[in-house]
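Biologist: I'm new to this one. Could you take me on a close look at the main nonpolar core and the helices around it?

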Amino acid sequence: MRFGKELLDRWGVLLAATSAGAAWAVQLPVAAAIGVGVVALVARAGIATLSREKETVAALPDVDTHSEEGHWLRRARTAASGFESVSKSLVDTPLADRVTAMGAGVQETVTTLHRLAGRVATTGKALSRIDPAGLAAERSRLAASLRTATEDVRTDLRHAMDSVQAQEDVHARLSGARNKLLAQLQSGALGLESLVARVVELSAVTGDAHVDTGTIIELTEQLEGIRRGVVETEETTRRSLGG
């Protein structure tokens, strides 16, 4: 968890040591001085954690809730909320620790899906600036002109045809990337919903002496598969679109 990482940050530890030293210097009891240091460390970690979370939220793109990508993002968020709710209900059960540990992975997956949804929106806007029907008509016109053109204008017409082809290639790449992103958004959201359903099912048997270790491993692997697929899609589309 991020809070735990902030507790171990060297600057936080230094602040705690300095605070404790200052408290000891004014002749507070050792226990009290240590308490001052602990309070300073926890406060610093809490503030840093909240600040970083705000930065993460602020960096996420706006997604139209009425769009196709908005629909799948909303379902992913709902699944994550359901996962958190189930996790909180598993207090003092064999499954509780494992499910709680998976919570960070679920949230990370939803955050990545949010970025993918933003990329879908951006790609869609770019596609709207290219008219494939108009390019097809332009290609037909140039092809007809080439059949009857004299040699002195053929080079210019071929250059014009190359320009049309370049625009069509861009449209094809953008369309392919958008379709891939939407497919992964759908897969990620449905995968999280499936994970929640599986955890709910397992929660029904947590009153038994134990939960099968293989089943718990399977749950963890299911989440990792969802997370990895989302991350790989984000990286692949970023490379294919040059950023």
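Modeller: Let's start with how the chain meets itself: among contacts between residues at least 6 apart in sequence, 79% join residues at least 24 apart. Keep in mind that this is a predicted model. The protein has 8 helices and 0 strands, so in sequence order the pattern reads α-α-α-α-α-α-α-α. Of its 243 residues, 34% count as buried. The protein exposes about 14500 Å², and carbon and sulfur atoms supply 57% of that.

Now for the part you asked about. The largest nonpolar core holds 33 residues. Phe83, Leu185 and Leu192 are the ones with the most contacts inside it. Helices H4 (68–89), H5 (96–128), H7 (151–203) and H8 (213–240) are the elements that each give two or more residues to this core. As a general point, nonpolar side chains tend to be buried together in soluble globular proteins.

Leu185 is a handy place to zoom in. Setting aside neighbours within four places in sequence, Leu185 is in contact with Glu69, Trp72, Leu113, Leu116, Ala117 and Val120. There is also a second, separate core of 10 residues, and Ile130, Leu135, Leu146 and Ala149 are among them.

Next, have a look at H4, starting with Arg77, which sits in that helix. Arg77 has a relative accessible area of 40%, so it is partly exposed. If you skip residues up to four places away in sequence, Arg77 touches Val110 and His114. Try Val106 as well: Arg77 and Val106 are 29 residues apart in sequence, but their C-alpha atoms are 9.6 Å apart in space.

Ser87 is found in H4 too. Ser87 counts as buried because its relative accessibility is 15%, and the cut-off for buried is under 20%. Leaving out neighbours within four places in sequence, Ser87 is in contact with Val99 and Thr100.

That leaves H5 itself. H5 has 33 residues and reaches 48 Å from its first C-alpha to its last, close to the 48 Å expected at 1.5 Å a residue. Still, H5 has a kink of about 30°, centred on Gly103. So, to trace the core by eye, begin at Phe83, Leu185 and Leu192, the residues with the most contacts inside it, and then follow H4, H5, H7 and H8, which each give two or more residues to it.

Key: Residues numbered from 1 in each chain as written. Predicted model: local features only at pLDDT ≥ 70, side-chain atom pairs only at ≥ 80, totals over all residues. Heavy atoms only, no water. Core = buried A, V, L, I, M, F, W, Y, C linked by side-chain atoms within 4.5 Å. Buried < 20%, exposed > 50% of the residue type's maximum accessible area, 1.4 Å probe, protein only. Helix = DSSP H or I, 4+ residues; strand = E, 2+ residues; numbered from the N terminus. Contact = heavy atoms within 4.5 Å. Expected span 1.5 Å × (residues − 1). Bend = angle between axes of the 7 residues up to and from the residue. Areas by Shrake-Rupley, 256 points an atom, 1.4 Å probe, with all protein chains shown as cover.
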